[in-house]
Amino acid sequence: MLKNLLVLGIESSCDETGVALVQVPVDSCEKPKLLADALYSQIEMHQAYGGVVPELASRDHIRRVLPLARKVLADSGRALSEVDVVAFTRGPGLAGALLVGAGVACALGAALSKPVLGVHHLEGHLLSPFLSADPPQFPFVALLVSGGHTQLMRVEGVGRYEILGETIDDAAGEAFDKSAKLLGIDYPGGAALSKLAEQGDGAAFKLPRPLLHSGNLDFSFAGLKTAVLTQVKKVALTQTVPVEDWPAQLRADLAASTQAAIVEVLVKKSLTALKLTGLKRMVVAGGVGANQLLRQQLNTLCAQQGVRVHYPELHLCTDNGAMIAMAAAMRLQAGVQQANLDYSFEVKPRWPLDTLMV
Ligand code: KG4
Ligand code: ZN
C-alpha cells in the first residue's frame, strides 16, 4: 500500500535553527501538512555585537539542531526511522551556518539510508504561504521581503520564477534594521521599530521614497537609511540625552515615518507588478511580510482591484524549518526535483533564485 511521505526540514542559513516535519500526501491533490516544527533563535546572542557573528552562528546551530530534531519527532509522535526524506537549506546564507544543516541532514540521510534534498532558502519563504489556512494557487505575483532580499516575482508554479524587479542595494529588512539601530533599537530592529511606530505619526518627518517613480520594479533603500540618519542627527542637536532616552513621541514619529516610507514603496511597486502582469493574486513572504502596516495597506488597495493577497502564518514569516520541509515536499510533489542518495554535499552561500527555473 502507498504511504504518505514524511519530510524532515532543517534550516540553518543565518541566525535561526529550525527543524520541522511535513507530511506529503500520496494523492497530489491533497495539501502537504505540517506535523510539528521547532525553532531556536540566536538573536539574543548576536545582539551584544549589533549583528550576526557568522562563527558564533555556526557553533550555535551545531548545539541546537539535534535537540530540535528530537523535539519535532516527539511532538509529532513519529520515529526517526519513519522519515522518508531529509531536506536542508543549501543556500543562500552564511557558508559555515549552511554547512551545519547540510552536514547534519546528509549524516542523518546516510545513517537512515534515506534520500536528502537541498533547498533554496528563498523558495522556502516563497512557498511558505502554502502552509497557511488560506493557501494561494498558481500563478501569482510574489513580494519577497526579508533581511537580505527584496524581490518582486511572477510565479507560475514550483520552480517557475521570473524576477520582475529587485533591490539594487539594501533589502527592505535591512532598511528596517539599520533605521532601528539609529533609533537605539537592538538588532534586528524591524519588528520593534514597527511596534514603536504604532504610537507615531508617519507624516511627522519627510523621508524619501526611493525609486518610487523609476518606471521599473527595482528598489533602493540605502538612501533612505542615510535620510533617517540625517533626521536623527538634526533632532540630536535639540536633545541632551542619548537617542534611547528621547521623548517617546519623537522616537515613535521617527519610527512611523521610516516605516511609512518603506511600506509605501513596497506597496506601490507591488501594485505596479500586478498591473503589468494582469495577475489577480499576490503572495507576500519573508520576515518583513509580518509587518502589519504593509499587510493593511496591501489588503485594502488590492481588495479595491479584486486582487487576493496571501501571507504565511505570522510565525512562519521569519526563518523556520517548516518552509524548508514544505519547499522540498512541493518540489517532490510537482516532480521538478528528486531527493538523492549521494551524501556528499556542497552549500551555495550565493545562489540567485531564478537559476532554479525548470
Ligand atoms: O526572512 P527573515 O527571517 O530572514 C532572512 O531571510 O533575511 O527576515 C528577517 C527580517 C529582519 O530584517 C527583520 O527586522 C524583519 O525581517 N522583520 C520585520 C518585521 N518582523 C521581522 N520588519 C518589519 N516589520 C516586522 N513586523
Ligand atoms: Zn529568510
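Biologist: Which helices each supply at least two residues of the shell around ligand 1?
Modeller: Ground rules first: in this predicted model, local features need pLDDT of at least 70, side-chain atom pairs count only at pLDDT 80 or more, totals for chains, interfaces and linings use all residues, and side-chain values use heavy atoms, leaving out hydrogens and water. Residues are numbered from 1 along each chain as its sequence is written, with chains lettered from A and ligands numbered from 1 in the order in which they are written. Helices are DSSP runs of H or I with at least four residues, and strands are runs of E with at least two, both numbered from the N terminus. The helices you're after are helix 4 (121–127), helix 5 (172–182) and helix 6 (190–197).

Biologist: How many residues surround ligand 1?
Modeller: A residue is near the ligand if one of its heavy atoms lies within 4 Å of it. His125, Gly147, Asp177, Gly287 and Asn291 are the closest. The full count is 19.

Biologist: Which domains each give at least three residues to that shell?
Modeller: The domain bounds come from an automatic or database assignment. On those bounds, the shell draws on domain 1 (4–128 + 317–356) and domain 2 (137–311).

Biologist: How much of ligand 1 does the protein bury?
Modeller: Start with the polar contacts, here pairs of N or O atoms within 3.5 Å: backbone N or O atoms lie 2.7 Å from a ligand oxygen in Gly147, 3.2 Å in Gly173 and 3.4 Å in Gly148. Taken alone, the ligand exposes 560 Å², by the Shrake-Rupley method with a 1.4 Å probe. Of that area, the protein buries 87%.

Biologist: Why do strand 3 and strand 5 each have one side without a neighbour in the sheet?
Modeller: Strands count as paired if DSSP finds at least two bridges between them. Five strands make an open sheet with mixed pairing, in the order 3-2-1-4-5. Strand 3 (33–41) and strand 5 (116–120) stand at its edges, so each has a single partner strand.

Biologist: In strand 2, what's the bridge partner of Leu5?
Modeller: Strand 1 (residues 5–11) and strand 2 (residues 16–24) run antiparallel, joined by seven bridges. Within strand 2, the residue bridging to Leu5 is Val24.

Biologist: Which residue takes a positive phi in the hairpin of strand 7 and strand 8?
Modeller: Strand 7 (residues 150–157) and strand 8 (residues 160–166) are antiparallel and share six bridges, with Val155 partnered by Tyr161. Two residues sit between the strands. The one with phi near 80 degrees is Gly159.

Notes: A polar contact is a pair of N or O atoms within 3.5 Å; within protein, one must be able to donate a hydrogen and the other to accept it, and residues adjacent in sequence count only if both atoms are side-chain atoms.
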